[in-house]
Amino acid sequence: MQKVKKGDYVVRKSHQGDTLFVIEKIIKLTNGKQIAILKGIAIRLEADAPLEDLVLAEKSKVKKDIEKLDKETKNINFITKKEYRIQKKIQTGLILHLDGDKRYSEKSARYYKKLGLRAIVRNVPENRQPKVVYKLLNYYNPDILIITGHDVISYTRK
């Protein structure tokens, strides 16, 4: 059996290697078994899996998947919509987007920029989001608030 560790790129045997993950951490359970906390590379997904279900991803697959993701991000072709808004002087509302995952915050910021949208993207750990959301709403006064993460946060502005 291959030894896996934090930071390794892996796939799950039980899912026929359908999704590429990186190991965020390994947790030892009280029964002596170990599970890995996984984060998706190409999609925003967090999962856990027993270590025996994981297989190290081939370097060529990792490279190919990351290059494909980068290419998809760079080649989004919404530029005509952005140019249209600039030509017609159409201005969209301000978006405030909070995300607990730095990689997905950066990805979202690239998408907004590519679409020509006015957006402020902040990487805020999910456990801190309820503490800072009101302050950020008052500071930026956005038209749209987006909070992405694994936890559900409910907020009503007074």
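Helices, of at least four residues, and strands, of at least two, are runs assigned by DSSP and numbered from the N terminus, and the loop between β1 and β2, which holds Gln16, is named after the two strands on either side.

**Figure 1. The whole protein chain, shown as a predicted model, contains 4 helices and 8 strands.** Read along the sequence, these elements follow the pattern β-β-β-β-β-α-α-β-α-β-α-β. Of the 158 residues in the chain, 34% are buried, and the accessible surface comes to about 10900 Å², of which 52% belongs to carbon and sulfur atoms. Among the contacts with a separation of 6 or more, 55% are between residues 24 or more positions apart along the chain.

**Figure 2. The loop between β1 (9-12) and β2 (21-28) contains Asp18, and Thr19 has its place in this loop as well.** The side chains of Asp18 and Thr19 make a polar contact with each other, at 3.3 Å. Asp18 is exposed, with a relative accessible area of 51%, whereas Thr19, at a relative accessibility of 12%, counts as buried, because the cut-off for buried is under 20% and the cut-off for exposed is over 50%. Leaving aside residues up to four places away in sequence, Thr19 touches Val10, Val11, Ile43 and Leu45.

**Figure 3. Lys13 and Gln16 are two further residues to look for in the loop between β1 and β2.** Lys13 has a relative accessibility of 47% and therefore counts as partly exposed, while Gln16, at 70%, counts as exposed. When residues up to four places away in sequence are not counted, Lys13 touches Glu52, Asp53, Leu54 and Val55. The C-alpha atoms of Lys13 and Ala49 are separated by 10.0 Å, although these two residues are 36 residues apart along the chain. Gln16 is not a glycine, yet its phi is positive, at about 55°.

**Figure 4. Strands β3 (residues 34-40) and β4 run antiparallel and are joined by 5 bridges.** The chain passes from β3 to β4 in a hairpin, through 5 residues, and in the paired strands Lys39 stands opposite Glu46 of β4. In a regular strand the side chains alternate between the two faces of the sheet. Strand β4 (residues 46-50) shows such an alternation, with Ala47 and Ala49 pointing to one face, where they are buried, and Glu46, Asp48 and Pro50 pointing to the other, where they are not buried.

**Figure 5. Helix α3 (residues 102-115) is made of 14 residues and reaches 20 Å from its first C-alpha to its last.** This span is close to the 20 Å expected at 1.5 Å a residue. Tyr104, Ser105, Lys107, Ser108 and Tyr112 are the residues of α3 that are buried. These residues cover an arc of only 165° around the axis, and so they lie on the same side of α3. Lys102 and Lys113, on the other side of the helix, are exposed.

**Figure 6. The two ends of α3 can be viewed with the residues beside them, Asp101 and Gly116.** Asp101 caps the N-terminal end of the helix, with a side-chain oxygen that lies 3.0 Å from the backbone nitrogen of Arg103. Gly116 follows the helix and has a positive phi, near 75°.

**Figure 7. Helix α4 (residues 129-140) has a set of buried residues made up of Gln129, Val132, Val133, Leu136, Leu137 and Tyr140.** Around the helix axis these residues cover an arc of only 145°, and therefore they are on the same side of α4. The cover over the buried residues of α4 includes the strands β6 (95-99), β7 (119-123) and β8 (144-148). The face of α4 that is turned away from this buried side carries Lys131 and Lys135, which are exposed.

**Figure 8. Asn141 comes just after α4 and has its place in the loop between α4 and β8.** Its phi is near 50°, a positive value in a residue other than glycine. With a relative accessibility of 51%, Asn141 counts as exposed, because the cut-off for exposed is over 50%.

Technical notes:
Residues numbered from 1 in each chain as written. Predicted model: local features only at pLDDT ≥ 70, side-chain atom pairs only at ≥ 80, totals over all residues. Heavy atoms only, no water. Expected span 1.5 Å × (residues − 1). Buried < 20%, exposed > 50% of the residue type's maximum accessible area, 1.4 Å probe, protein only. Arc of directions from axis to C-beta. Polar contact = N/O pair within 3.5 Å; in protein donor to acceptor, adjacent residues only side chain to side chain. Pairing = 2+ DSSP bridges. Contact = heavy atoms within 4.5 Å. Areas by Shrake-Rupley, 256 points an atom, 1.4 Å probe, with all protein chains shown as cover.
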